[in-house]
Amino acid sequence: MRLQLPQGMEVEMLTFLLDKAISPKFFDVLRTQQQLGYIVQMAGTVGMKFPYLIAVVQTEFEPNYVRGRIDSFLDEHLTFVEEKLTEEEFETCRAGLIAELKMKPKKSRGRVFALCAKNERPHVRL
């Protein structure tokens with residue numbers, strides 16, 4: 001499942017922060033607790049123009065059932081992020097994201113994308 005979000009650097013950074021905040025819980029709830037499949041992951045990413053939140057579940061269950069489980073997870077955990085995420089939890093996610101963004105890409109392709117992003121995007125302070 002891929003959720004396209006509004007275009008913009010601020011939304012991109014918020015998407016990456018959301019990824020840090022709920023991706024581990026996505027794996028725990030859908031794979032460990034609900035046992036929906038072996039491959040279960042969530043990630044924030046940016047395409048050519050828009051940021052996306054991507055949820056992947058490789059499963060034997062019917063697609064509509066799995067979509068419903070993903071929707072339920074998002075309903076519950078987006079509400080948690082909006083209303084109950086503590087300042088300490090937010091700072092942990094923020095620090096993790098900043099550290100990740102400061103790391104130099106290990107592959108040539110990553111370096112090219114990093115250079116393009118640096119030249120095309122305005123500076124955003126987290």
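Here is a guided walk through this structure, from the whole chain down to a few of its residues.

Let us start with how far to trust the picture. The model is predicted, and each residue carries a confidence score called pLDDT. Across the protein chain the average pLDDT is 84, with 83% of the residues scoring at least 70. Confidence is highest in helix H2, at a mean of 93, and lowest in helix H4 (residues 108–120), at 52. In residues 118–126 the pLDDT falls below 50, and this stretch has eleven contacts in the model beyond its near neighbours in sequence. Please read that part of the chain with care.

Now step back and look at the overall plan. The protein chain contains four helices and three strands. If you follow the sequence from start to end, they come in the order β-α-β-β-α-α-α. The chain has 126 residues, and 24% of them count as buried. Among contacts in the chain with a separation of 6 or more, 65% join residues that are 24 or more positions apart.

Find helix H1, which spans residues 9–33, and then H2. Their axes come within 11 Å of each other and cross at roughly 140°. Because an angle of that kind is neither under 35 nor over 145 degrees, and lies outside 65 to 115, H1 is oblique to H2. The crossing of H1 past H2 is right-handed. On the H1 side, the contact involves Leu-18, Ala-21, Ile-22, Lys-25, Phe-26, Val-29 and Leu-30. H2 contributes Ile-70, Phe-73, Leu-74, His-77, Leu-78 and Val-81. Sorted by class, these residues are eleven nonpolar, one polar and one charged.

One of the H2 residues deserves a closer look. Is His-77 buried or exposed? His-77 is buried, because its relative accessible area of 8% is under the 20% cut-off. Leaving out residues up to four places away in sequence, His-77 touches Ile-22, Lys-25 and Val-29. Those three residues are also among the H1 members of the contact you have just met.

Helix H1 has a second partner, helix H3 (residues 87–102). The axes of H1 and H3 come within 9 Å and cross at roughly 115°, and here too H1 passes in a right-handed crossing. From H1, the residues taking part are Met-13, Phe-16, Leu-17, Lys-20 and Ala-21. From H3 they are Phe-90, Cys-93, Arg-94, Gly-96, Leu-97, Glu-100 and Leu-101. This contact has eight nonpolar, one polar and three charged residues. Notice that Ala-21 takes part in the contact with H2 and also in the contact with H3.

Let us finish with two residues that show how the chain folds back on itself. Arg-67 belongs to helix H2, which covers residues 63–83. Its relative accessibility is 41%, so Arg-67 counts as partly exposed. Arg-67 and Met-1 are 66 residues apart along the chain, with 7.5 Å between their C-alpha atoms.

Gln-4 sits in strand E1 (residues 2–4). With a relative accessible area of 48%, Gln-4 is partly exposed as well. What does Gln-4 contact, leaving aside its neighbours within four places in sequence? The partners are Phe-50, Pro-51 and Tyr-52. Gln-4 and Gly-47 are 43 residues apart in sequence, and their C-alpha atoms are 9.4 Å apart in space.

How values were computed:
Residues numbered from 1 in each chain as written. Predicted model: local features only at pLDDT ≥ 70, side-chain atom pairs only at ≥ 80, totals over all residues. Heavy atoms only, no water. Helix = DSSP H or I, 4+ residues; strand = E, 2+ residues; numbered from the N terminus. Buried < 20%, exposed > 50% of the residue type's maximum accessible area, 1.4 Å probe, protein only. pLDDT = per-residue confidence, 0-100. Contact = heavy atoms within 4.5 Å. Axes fitted to C-alpha atoms, helices over the stretch in contact; angles between N-to-C directions. Left-handed = near helix turned anticlockwise from the far one by under 90°. Nonpolar A, V, L, I, M, F, W, Y, C, P; charged D, E, K, R; others polar.
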